[in-house]
Amino acid sequence: MLALRTLSLDIGNTAVKYGYFEQDTLQESATGQTPAQVRAAVQRLRPEHVILSSVAGPAADWARELRAAVPGEILEFVPATTPLPIGNAYATPHTLGADRLAAAVGAAWLLPGRDVVVVDAGTAIKCDLVDAAGVFRGGSIAPGLRMRFQALHTFTGRLPLVAGLPDPATDVPLTGTDTQEAIRSGVLNGAAAEVAGLLAQYEARFPHLAVVLAGGDAAFFRGRLKRPIFVVPELVLIGLHRILVHHVAT
């Protein structure tokens, strides 16, 4: 097993996050990072290798920013061409989001030999399947919670924009007694029921199914999905690290 010091950089639609690993252990992570903050972290932590993943456009500018401070590989993760430690049965890999595939790699590494559904609840809600043979099979993409609130406001004439999510432990009333409460019920209870329904269908096909929950809104879904769940907030970073280790080893 390679004992590497690596940095995984996840450039998302709404935030930039990094994770620093030593010998497969996540030692430090931070989100909401600017290029200057990432550069300072690289200079302080001195990783041997870096992997860049972006769903917000090419990562070449970030690679140039870091080149002088990284002695080894700077790998730009491209789902269609980067070698993976798992199989990929997606029909159009060139359209596959890097975050979805990295999360699948992370789940397959954490739960080897299991059928796993990854629920990544962020800007979008992605539910993806990695089978027990370690093959990514694809899944579903739906609007995230904030996107649903925004859509109701944008595409109607009078519905207000409801901002903010409730505390994860707070129940959302099923029957809203005013317009804002009705919107919260529809968006939040509806999204929870949607994900629970998808998981029920997967479990009917895969009786020993494992579920891994990640993403910025994982805390909201955790208490609303009535089944055992592995909550791994840094799943994408873990998957990126494993892709980088695979790349360096081969």
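The exercises below, each with a worked solution, deal with a predicted model.

**Exercise 1.** Find the order of the strands in the open sheet of 5 strands, and explain why one side of E3 and of E5 is left without a neighbour.

Solution.
- Step 1. The order is E3-E2-E1-E4-E5, and the pairing is mixed.
- Step 2. Strand E3 (25-31) and strand E5 (74-76) stand at the edges; each has a single partner strand, so one side of each has no neighbour in the sheet.
- Step 3. On average, neighbouring strands of this sheet are turned by 15 degrees against each other, direction ignored.

**Exercise 2.** Describe how strand E1 is joined to strand E4, and state which elements helix H1 touches.

Solution.
- Step 1. Strands of a sheet pair through backbone hydrogen bonds, either parallel or antiparallel.
- Step 2. E1 (residues 5-11) and E4 (residues 49-54) run parallel and are joined by 6 bridges.
- Step 3. Take Thr-6 as an example: its bridge partner in E4 is His-49.
- Step 4. Helix H1 (residues 35-45) packs on the sheet, where it touches E1, strand E2 (16-22) and E3. The direction of H1 makes about 10 degrees with that of E2.

**Exercise 3.** Work out the same points for the open sheet of 6 strands.

Solution.
- Step 1. Its strands follow the order E6-E9-E8-E7-E10-E11, with mixed pairing.
- Step 2. At the edges stand strand E6 (87-88) and strand E11 (230-231), each with a single partner strand, so one side of each is left without a neighbour in the sheet.
- Step 3. Between strand E7 (residues 116-121) and strand E10 (residues 210-214) there are 5 bridges, and the two run parallel. Val-118 has Val-212 as its bridge partner in E10.
- Step 4. Helix H5 (residues 179-205) packs on this sheet and touches E7, E8, strand E9 (135-143) and E10. Its direction makes about 10 degrees with that of E8.

**Exercise 4.** Describe the largest pocket and its lining.

Solution.
- Step 1. The space in the largest pocket is about 670 Å³.
- Step 2. The lining has 27 residues, and the closest to the centre are Thr-14, Asp-120, Gly-122, Thr-123 and Lys-126.
- Step 3. At least two lining residues each come from helix H3 (98-110), strand E8 (124-130), helix H4 (145-154) and helix H7 (235-249). H7 gives the most, with 3 residues.
- Step 4. By type, the lining divides into 9 nonpolar, 9 polar and 9 charged residues.

**Exercise 5.** State how many salt bridges the whole structure has, and place the one between Glu-28 and Arg-44.

Solution.
- Step 1. A search of the whole structure finds 12 salt bridges.
- Step 2. In one of them, the side chains of Glu-28 and Arg-44 meet at 2.7 Å, N to O.
- Step 3. Glu-28 lies in strand E3 and Arg-44 in helix H1, 16 residues apart, and the pair links distant parts of the chain.

Notes. Residues are numbered from 1 along each chain as its sequence is written. This is a predicted model: local features need pLDDT of at least 70, side-chain atom pairs count only at pLDDT 80 or more; totals for chains, interfaces and linings use all residues. Side-chain values use heavy atoms; hydrogens and water are left out. On a 1 Å grid over the protein atoms alone, a cavity is a set of points where a 1.4 Å probe fits but cannot get out, and a pocket is an open set with protein on both sides within 12 Å along at least five of seven lines; lining residues have an atom within 4 Å of a point. Grid points are joined across faces, edges and corners, and a volume is the space filled by probe spheres set on the points. Helices (H or I, at least four residues) and strands (E, at least two) are DSSP runs, numbered from the N terminus. Ala, Val, Leu, Ile, Met, Phe, Trp, Tyr, Cys and Pro count as nonpolar, Asp, Glu, Lys and Arg as charged, and the others, Gly among them, as polar. Two strands pair if DSSP finds at least two bridges between them. Axes are lines fitted to C-alpha atoms, for helices over the stretch in contact, and angles run from 0 to 180 degrees between N-to-C directions. Contact means heavy atoms within 4.5 Å. A salt bridge is a side-chain nitrogen of Lys or Arg within 4 Å of a carboxyl oxygen of Asp or Glu.
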